[in-house]
Amino acid sequence: MAIRHPAIASKAAKKAKAARVAKARRHAAEGKNTVETPLSKSFTDPRDVLLKPVVSEKSYALLDEGKYTFIVAPSANKTQIKQAVQSVFSVKVTGVNTINRQGKRKRTRTGFGQRASTKRAIVTLAEGDRIDIFGGPTA
């Protein structure tokens, strides 16, 4: 759906937007939290976000740059991943990049199937911070 320029939006759309803005200002003045995250979308434990580290040649090559690779929950966003890594490993995270990887299509005797799709996160740590679970080079 294309977004209209404000100058050509209908009068009803302008009125609805003005009402939403007024409601947001009123809630902010009253101290109400207008955005509530449902429990189904929130992670109670940071270890629910980080599923496991990626052990591969490419991920080990990134260790020298202070970048660590994890398989994460598919519904986790970058902010949640950053908070989880900081709380679990007690390090300072400077950046998070995410990748959604499609599962490979595999052929079996009975037909075709597909491996599970995964979400990976490449986490960049601050200078001098390390995570020892990877067994990277000791400095």
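The questions and answers below concern charged residues and one unusual backbone angle in this predicted model.

Visitor: How many salt bridges does a search of the whole structure find?

Guide: The side chains of Glu-65 and Lys-67 meet in one salt bridge, at 3.8 Å from N to O, and those of Arg-130 and Asp-132 meet in another, at 3.2 Å. A search of the whole structure therefore gives a total that rests on a cut-off of 4 Å between the nitrogen and the oxygen, and that total is two.

Visitor: Which side chain of opposite charge is nearest to Arg-120?

Guide: Arg-120 lies in strand E6, which spans residues 118-125, and its contacts beyond four places in sequence include Val-54, Phe-70 and Ile-99. Although Arg-120 is buried, it has no salt bridge. The nearest side chain of opposite charge is 13 Å away, and it belongs to Glu-57.

Visitor: Is Lys-106, a member of the patch of positive charge on the surface, buried or partly exposed?

Guide: Lys-106 is found in strand E4, residues 105-108, and it gathers with Lys-58, Arg-101, Lys-104 and Arg-115 in the patch. Because its relative accessible area is 35%, and the class between 20% and 50% is the middle one, Lys-106 counts as partly exposed.

Visitor: What is the phi of Ser-90, a residue other than glycine?

Guide: Ser-90 sits in the loop between helix H3 (78-89) and strand E3 (93-101), and it is exposed, with a relative accessible area of 64%. Most residues other than glycine have a negative phi. In Ser-90, by contrast, phi is positive, near 55 degrees.

How values were computed:
Residues are numbered from 1 along each chain as its sequence is written. This is a predicted model: local features need pLDDT of at least 70, side-chain atom pairs count only at pLDDT 80 or more; totals for chains, interfaces and linings use all residues. Side-chain values use heavy atoms; hydrogens and water are left out. Helices (H or I, at least four residues) and strands (E, at least two) are DSSP runs, numbered from the N terminus. Buried means under 20% relative accessible area, exposed over 50%, partly exposed in between (1.4 Å probe, protein chains only). Lys and Arg count as positive and Asp and Glu as negative; His and the chain ends are not counted. Contact means heavy atoms within 4.5 Å. Patches are made of residues with over 30% relative accessible area and no salt bridge: like charges are joined within 9 Å, nonpolar side chains (Val, Leu, Ile, Met, Phe, Trp, Tyr) within 5 Å. Accessible areas come from the Shrake-Rupley method with a 1.4 Å probe; for residues, only the protein chains shown count as cover. The place of a charge is taken as NZ of Lys, CZ of Arg, CG of Asp or CD of Glu.
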